Amino acid sequence: MKATARAHTNIALVKYWGKKDPTLMLPQTDSLSLTLDRFYTTTSVEFDPTLAADQIQIDQAPAAPNVAQRVSQFLDLVRPQGCFARVASVNNVPMAAGLASSASAFAALAAAASWAQGLHPSRTELSRLARRGSGSATRSIFGGLVEWHAGHDDQSSFAEPIQEHVDFGLEMLAILLDTRQKKIGSRRGMQHVVATSPYYPTWREVVAHDMAAMKLAIAAQDIDQIGHLAQTNALRMHALNLAADPGFTYFNAATLKAMETIDHLRETGVSCYYTMDAGPNVKVIYDRRDRETILTALTPQFGADHLVVAKPGPGVEELTDERDSLI
(Lines give C-alpha, C1' and ligand atoms only; values in the text may rest on other atoms or scores of the structure.)
Protein backbone atom coordinates (compact mmCIF):
# COMPACT_ATOMS: atom_id res chain seq x y z
CA MET A 1 0.00 0.00 0.00
CA LYS A 2 2.68 2.46 -1.09
CA ALA A 3 3.11 4.77 -4.08
CA THR A 4 5.21 7.75 -5.16
CA ALA A 5 4.04 10.60 -7.37
CA ARG A 6 5.64 13.71 -8.84
CA ALA A 7 3.66 16.80 -9.79
CA HIS A 8 4.81 20.16 -11.12
CA THR A 9 3.80 23.67 -10.17
CA ASN A 10 1.67 25.80 -12.42
CA ILE A 11 1.54 29.57 -12.82
CA ALA A 12 -1.80 31.14 -13.69
CA LEU A 13 -1.88 33.28 -16.80
CA VAL A 14 -5.51 34.14 -16.02
CA LYS A 15 -6.05 34.09 -12.26
CA TYR A 16 -9.09 33.31 -10.13
CA TRP A 17 -8.21 35.02 -6.79
CA GLY A 18 -11.18 34.22 -4.63
CA LYS A 19 -13.26 31.20 -3.58
CA LYS A 20 -17.03 30.91 -3.34
CA ASP A 21 -16.81 27.72 -1.26
CA PRO A 22 -13.67 27.44 0.92
CA THR A 23 -14.51 23.88 2.01
CA LEU A 24 -14.85 22.42 -1.48
CA MET A 25 -12.30 24.94 -2.81
CA LEU A 26 -14.68 26.17 -5.51
CA PRO A 27 -13.29 29.31 -7.17
CA GLN A 28 -15.19 32.47 -7.98
CA THR A 29 -14.07 32.30 -11.62
CA ASP A 30 -12.43 30.06 -14.20
CA SER A 31 -8.64 30.27 -14.60
CA LEU A 32 -5.89 29.21 -16.99
CA SER A 33 -2.29 28.24 -16.24
CA LEU A 34 1.03 26.96 -17.54
CA THR A 35 2.61 23.94 -15.84
CA LEU A 36 6.39 24.35 -15.39
CA ASP A 37 9.11 21.71 -15.70
CA ARG A 38 11.63 23.19 -13.22
CA PHE A 39 9.49 23.32 -10.06
CA TYR A 40 7.95 20.14 -8.68
CA THR A 41 7.08 18.07 -5.60
CA THR A 42 7.79 14.37 -5.08
CA THR A 43 5.58 12.61 -2.53
CA SER A 44 5.43 9.03 -1.22
CA VAL A 45 2.41 7.70 0.69
CA GLU A 46 2.21 4.38 2.52
CA PHE A 47 -0.95 3.31 4.33
CA ASP A 48 -0.17 1.06 7.32
CA PRO A 49 -2.91 -0.39 9.57
CA THR A 50 -0.40 -0.72 12.43
CA LEU A 51 0.10 3.05 12.73
CA ALA A 52 -1.66 4.92 15.53
CA ALA A 53 -1.46 8.29 13.74
CA ASP A 54 -0.27 9.79 10.47
CA GLN A 55 3.50 10.31 10.19
CA ILE A 56 4.17 13.27 7.92
CA GLN A 57 7.59 14.47 6.82
CA ILE A 58 8.29 17.41 4.52
CA ASP A 59 11.74 18.15 3.16
CA GLN A 60 13.27 15.51 5.46
CA ALA A 61 11.84 17.00 8.66
CA PRO A 62 8.62 16.46 10.63
CA ALA A 63 5.86 18.65 9.24
CA ALA A 64 4.81 21.68 11.28
CA PRO A 65 1.62 20.97 13.25
CA ASN A 66 -0.61 23.16 11.07
CA VAL A 67 0.79 21.61 7.89
CA ALA A 68 0.46 18.08 9.28
CA GLN A 69 -3.15 18.77 10.20
CA ARG A 70 -3.91 20.01 6.67
CA VAL A 71 -2.33 16.89 5.14
CA SER A 72 -4.18 14.56 7.51
CA GLN A 73 -7.50 16.25 6.79
CA PHE A 74 -6.87 15.78 3.09
CA LEU A 75 -6.00 12.10 3.60
CA ASP A 76 -9.35 11.68 5.37
CA LEU A 77 -10.95 12.13 1.94
CA VAL A 78 -9.28 9.01 0.53
CA ARG A 79 -7.79 6.87 3.30
CA PRO A 80 -8.99 3.31 3.95
CA GLN A 81 -11.24 3.30 7.01
CA GLY A 82 -9.21 3.55 10.22
CA CYS A 83 -5.87 3.35 8.39
CA PHE A 84 -3.15 5.95 8.97
CA ALA A 85 -0.32 6.78 6.61
CA ARG A 86 3.34 7.59 6.32
CA VAL A 87 3.82 10.59 4.06
CA ALA A 88 7.17 11.91 2.89
CA SER A 89 7.36 14.88 0.55
CA VAL A 90 10.26 16.79 -0.98
CA ASN A 91 9.76 20.15 -2.71
CA ASN A 92 11.92 21.35 -5.55
CA VAL A 93 10.30 24.76 -5.08
CA PRO A 94 10.34 27.28 -2.20
CA MET A 95 7.21 26.95 -0.06
CA ALA A 96 4.68 29.77 0.46
CA ALA A 97 6.65 32.24 -1.68
CA GLY A 98 4.19 32.73 -4.52
CA LEU A 99 5.69 29.94 -6.63
CA ALA A 100 2.71 27.56 -6.38
CA SER A 101 4.28 25.01 -4.04
CA SER A 102 0.86 24.00 -2.68
CA ALA A 103 -0.32 23.21 -6.22
CA SER A 104 2.41 20.67 -6.87
CA ALA A 105 2.28 19.39 -3.27
CA PHE A 106 -1.42 18.50 -3.19
CA ALA A 107 -1.47 17.22 -6.77
CA ALA A 108 1.34 14.80 -5.86
CA LEU A 109 -0.36 13.88 -2.57
CA ALA A 110 -3.70 13.22 -4.26
CA ALA A 111 -2.11 10.93 -6.82
CA ALA A 112 0.19 9.06 -4.42
CA ALA A 113 -2.59 8.52 -1.85
CA SER A 114 -4.91 7.16 -4.55
CA TRP A 115 -2.33 4.94 -6.20
CA ALA A 116 -1.12 3.61 -2.83
CA GLN A 117 -4.53 1.97 -2.41
CA GLY A 118 -4.43 0.41 -5.84
CA LEU A 119 -7.01 2.87 -7.13
CA HIS A 120 -6.90 4.04 -10.74
CA PRO A 121 -8.88 7.28 -10.85
CA SER A 122 -9.17 9.20 -14.08
CA ARG A 123 -7.18 12.41 -14.34
CA THR A 124 -10.44 14.36 -14.05
CA GLU A 125 -11.16 12.54 -10.78
CA LEU A 126 -7.62 13.28 -9.56
CA SER A 127 -8.09 16.91 -10.54
CA ARG A 128 -11.24 17.18 -8.42
CA LEU A 129 -9.52 15.45 -5.50
CA ALA A 130 -6.38 17.62 -5.66
CA ARG A 131 -8.59 20.73 -5.64
CA ARG A 132 -9.79 19.81 -2.15
CA GLY A 133 -6.25 20.29 -0.82
CA SER A 134 -5.33 23.46 -2.72
CA GLY A 135 -7.40 25.09 -5.42
CA SER A 136 -4.58 25.49 -7.93
CA ALA A 137 -3.53 21.86 -7.42
CA THR A 138 -6.46 20.92 -9.64
CA ARG A 139 -4.45 22.30 -12.59
CA SER A 140 -1.15 20.56 -11.70
CA ILE A 141 -2.61 17.15 -12.57
CA PHE A 142 -2.08 18.17 -16.19
CA GLY A 143 0.88 19.43 -18.19
CA GLY A 144 1.18 22.41 -20.49
CA LEU A 145 -1.64 24.92 -20.77
CA VAL A 146 -4.56 24.05 -18.51
CA GLU A 147 -8.05 25.47 -17.89
CA TRP A 148 -9.84 25.16 -14.53
CA HIS A 149 -13.62 25.21 -14.83
CA ALA A 150 -14.98 26.98 -11.74
CA GLY A 151 -18.11 24.87 -11.68
CA HIS A 152 -20.84 25.05 -9.05
CA ASP A 153 -20.24 21.89 -7.02
CA ASP A 154 -17.64 19.18 -6.39
CA GLN A 155 -18.38 17.31 -9.60
CA SER A 156 -18.35 20.30 -11.95
CA SER A 157 -15.16 22.01 -10.69
CA PHE A 158 -12.10 20.47 -12.33
CA ALA A 159 -9.28 21.21 -14.75
CA GLU A 160 -8.55 19.94 -18.23
CA PRO A 161 -5.69 20.57 -20.64
CA ILE A 162 -6.01 23.08 -23.44
CA GLN A 163 -2.68 22.10 -24.96
CA GLU A 164 -0.77 19.54 -22.93
CA HIS A 165 2.24 19.38 -25.22
CA VAL A 166 3.03 23.01 -26.02
CA ASP A 167 4.49 22.99 -29.54
CA PHE A 168 5.43 26.65 -29.87
CA GLY A 169 8.04 28.84 -28.18
CA LEU A 170 6.29 29.74 -24.93
CA GLU A 171 8.62 29.79 -21.90
CA MET A 172 8.65 31.35 -18.44
CA LEU A 173 11.59 32.66 -16.43
CA ALA A 174 11.26 32.96 -12.66
CA ILE A 175 13.09 35.84 -10.98
CA LEU A 176 13.61 34.60 -7.40
CA LEU A 177 13.63 37.85 -5.46
CA ASP A 178 12.55 36.60 -2.04
CA THR A 179 11.83 32.92 -1.31
CA ARG A 180 10.90 33.41 2.34
CA GLN A 181 7.39 32.52 3.45
CA LYS A 182 4.99 35.35 2.67
CA LYS A 183 3.34 37.26 5.50
CA ILE A 184 -0.19 36.99 4.10
CA GLY A 185 -1.13 33.53 2.87
CA SER A 186 -3.09 33.15 -0.34
CA ARG A 187 -6.21 31.87 1.40
CA ARG A 188 -6.34 34.76 3.83
CA GLY A 189 -5.55 37.30 1.12
CA MET A 190 -8.32 35.99 -1.13
CA GLN A 191 -10.92 35.97 1.63
CA HIS A 192 -10.05 39.53 2.62
CA VAL A 193 -10.25 40.78 -0.97
CA VAL A 194 -13.59 39.10 -1.73
CA ALA A 195 -15.06 40.56 1.47
CA THR A 196 -13.71 44.12 1.24
CA SER A 197 -12.43 45.12 -2.21
CA PRO A 198 -15.06 47.29 -3.97
CA TYR A 199 -13.74 46.22 -7.38
CA TYR A 200 -14.33 42.49 -6.88
CA PRO A 201 -17.63 42.27 -8.84
CA THR A 202 -15.84 43.78 -11.84
CA TRP A 203 -13.01 41.25 -11.43
CA ARG A 204 -15.38 38.44 -12.39
CA GLU A 205 -16.13 40.26 -15.65
CA VAL A 206 -12.40 40.84 -16.27
CA VAL A 207 -11.64 37.14 -15.91
CA ALA A 208 -14.48 36.10 -18.22
CA HIS A 209 -13.10 38.44 -20.91
CA ASP A 210 -9.49 37.38 -20.36
CA MET A 211 -10.31 33.65 -20.47
CA ALA A 212 -11.94 33.98 -23.88
CA ALA A 213 -9.15 36.19 -25.23
CA MET A 214 -6.39 33.96 -23.81
CA LYS A 215 -7.79 30.82 -25.45
CA LEU A 216 -7.89 32.63 -28.80
CA ALA A 217 -4.27 33.77 -28.31
CA ILE A 218 -3.18 30.20 -27.49
CA ALA A 219 -4.96 28.83 -30.56
CA ALA A 220 -3.12 31.44 -32.66
CA GLN A 221 0.20 30.70 -30.83
CA ASP A 222 0.48 34.45 -30.31
CA ILE A 223 3.02 34.79 -27.47
CA ASP A 224 2.82 38.59 -27.50
CA GLN A 225 -0.92 38.47 -26.90
CA ILE A 226 -0.57 35.70 -24.30
CA GLY A 227 2.00 37.79 -22.43
CA HIS A 228 0.01 41.02 -22.71
CA LEU A 229 -3.14 39.39 -21.37
CA ALA A 230 -1.28 37.67 -18.53
CA GLN A 231 0.47 40.87 -17.44
CA THR A 232 -2.72 42.93 -17.51
CA ASN A 233 -4.64 40.23 -15.65
CA ALA A 234 -1.96 40.03 -12.94
CA LEU A 235 -1.87 43.78 -12.42
CA ARG A 236 -5.64 43.91 -12.08
CA MET A 237 -5.58 41.06 -9.56
CA HIS A 238 -3.02 42.90 -7.45
CA ALA A 239 -5.09 46.07 -7.76
CA LEU A 240 -7.82 44.18 -5.86
CA ASN A 241 -5.38 43.77 -2.97
CA LEU A 242 -4.47 47.45 -2.91
CA ALA A 243 -8.16 48.39 -2.94
CA ALA A 244 -9.11 46.08 -0.05
CA ASP A 245 -9.79 47.45 3.43
CA PRO A 246 -7.14 47.59 4.71
CA GLY A 247 -5.14 47.38 1.54
CA PHE A 248 -2.07 45.19 1.21
CA THR A 249 0.47 44.10 -1.39
CA TYR A 250 2.77 41.17 -2.08
CA PHE A 251 5.22 43.41 -3.94
CA ASN A 252 8.52 44.65 -2.55
CA ALA A 253 11.09 47.05 -3.99
CA ALA A 254 12.78 44.29 -6.00
CA THR A 255 9.41 43.28 -7.49
CA LEU A 256 8.86 46.83 -8.77
CA LYS A 257 12.41 46.93 -10.14
CA ALA A 258 11.85 43.68 -12.04
CA MET A 259 8.55 44.91 -13.44
CA GLU A 260 10.16 48.14 -14.62
CA THR A 261 13.05 46.21 -16.19
CA ILE A 262 10.71 43.95 -18.16
CA ASP A 263 8.65 46.91 -19.35
CA HIS A 264 11.83 48.66 -20.49
CA LEU A 265 13.04 45.57 -22.35
CA ARG A 266 9.74 45.37 -24.18
CA GLU A 267 9.96 49.05 -25.13
CA THR A 268 13.31 48.28 -26.78
CA GLY A 269 11.73 45.59 -28.95
CA VAL A 270 12.15 42.41 -26.84
CA SER A 271 8.93 40.41 -26.57
CA CYS A 272 8.60 39.82 -22.81
CA TYR A 273 5.92 40.29 -20.17
CA TYR A 274 5.55 39.59 -16.45
CA THR A 275 3.08 38.01 -14.07
CA MET A 276 3.05 37.67 -10.26
CA ASP A 277 1.05 35.52 -7.89
CA ALA A 278 0.67 35.86 -4.11
CA GLY A 279 4.30 36.67 -3.48
CA PRO A 280 7.06 39.07 -4.53
CA ASN A 281 8.67 36.85 -7.15
CA VAL A 282 8.23 37.79 -10.79
CA LYS A 283 7.68 35.39 -13.67
CA VAL A 284 8.63 36.50 -17.18
CA ILE A 285 6.66 35.24 -20.19
CA TYR A 286 8.50 35.24 -23.50
CA ASP A 287 9.35 33.43 -26.73
CA ARG A 288 12.30 31.07 -26.30
CA ARG A 289 14.11 32.74 -29.20
CA ASP A 290 14.54 35.79 -26.91
CA ARG A 291 15.76 33.80 -23.90
CA GLU A 292 19.44 34.74 -24.12
CA THR A 293 18.68 38.42 -24.71
CA ILE A 294 16.47 38.47 -21.61
CA LEU A 295 18.99 36.59 -19.47
CA THR A 296 21.75 38.95 -20.58
CA ALA A 297 19.64 41.94 -19.52
CA LEU A 298 18.49 40.51 -16.18
CA THR A 299 21.65 38.81 -14.92
CA PRO A 300 23.59 41.98 -13.97
CA GLN A 301 20.63 43.26 -11.92
CA PHE A 302 19.38 40.09 -10.21
CA GLY A 303 22.24 37.57 -10.48
CA ALA A 304 22.34 34.38 -12.54
CA ASP A 305 21.54 32.21 -9.50
CA HIS A 306 18.22 34.07 -9.05
CA LEU A 307 17.01 33.39 -12.60
CA VAL A 308 15.38 30.05 -13.40
CA VAL A 309 14.31 29.21 -16.94
CA ALA A 310 11.23 26.97 -17.05
CA LYS A 311 9.67 25.26 -20.03
CA PRO A 312 6.16 23.84 -20.23
CA GLY A 313 6.12 20.86 -17.89
CA PRO A 314 4.32 17.50 -17.68
CA GLY A 315 1.31 16.38 -15.70
CA VAL A 316 1.43 14.23 -12.57
CA GLU A 317 3.31 10.96 -12.96
CA GLU A 318 3.86 7.82 -10.92
CA LEU A 319 7.47 6.97 -10.02
CA THR A 320 7.65 3.18 -9.94
CA ASP A 321 11.37 2.71 -9.32
CA GLU A 322 11.87 1.85 -5.64
CA ARG A 323 14.87 4.18 -5.61
CA ASP A 324 12.48 7.09 -6.11
CA SER A 325 10.48 6.23 -2.98
CA LEU A 326 10.94 8.59 -0.04
CA ILE A 327 9.71 5.99 2.47
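How many bridges join β5 to strand β6, and do the two run parallel or antiparallel? The views below, all taken from a predicted model, begin with this pair.

**View 1. The hairpin of β5 and β6.** Strand β6 covers residues 61-62, and 2 bridges join β5 to this strand, the two running antiparallel. Within the pairing, Q57 stands opposite P62 in β6. The hairpin has 2 residues between its strands, and D59 takes a positive phi near 55° there.

**View 2. The two faces of strand β5.** Side chains alternate along β5, which spans residues 55-58: I56 and I58 point to one face and are buried, whereas Q55 and Q57 point to the other face and are not buried. Strand β5 is also joined to β7 by 4 bridges, and these two strands run parallel; in this pairing, Q55 stands opposite R86 of β7.

**View 3. A nonpolar patch on the surface.** V90, which lies in strand β7 (residues 84-91), makes a nonpolar surface patch of about 180 Å² together with L326 and I327. V90 counts as partly exposed because its relative accessibility is 33%, a value between the limits of 20% for buried and 50% for exposed.

**View 4. The largest nonpolar core and a second one.** The largest nonpolar core has 77 residues, and those with the most contacts inside it are L13, W17, V45, L145, L170 and M214. Helix α2 (residues 101-116) contributes the largest share of this core, namely 10 residues. If neighbours within four places in sequence are left aside, M214 is in contact with L13, V14, L32, I226, L229 and A230. A second, separate core has 20 residues, including M276, V284, I294 and L295.

Notes: Residues numbered from 1 in each chain as written. Predicted model: local features only at pLDDT ≥ 70, side-chain atom pairs only at ≥ 80, totals over all residues. Heavy atoms only, no water. Core = buried A, V, L, I, M, F, W, Y, C linked by side-chain atoms within 4.5 Å. Buried < 20%, exposed > 50% of the residue type's maximum accessible area, 1.4 Å probe, protein only. Contact = heavy atoms within 4.5 Å. Patch = residues over 30% accessible without salt bridge, like charges linked within 9 Å, V, L, I, M, F, W, Y side chains within 5 Å. Areas by Shrake-Rupley, 256 points an atom, 1.4 Å probe, with all protein chains shown as cover. Salt bridge = Lys/Arg side-chain N within 4 Å of Asp/Glu carboxyl O. Pairing = 2+ DSSP bridges.
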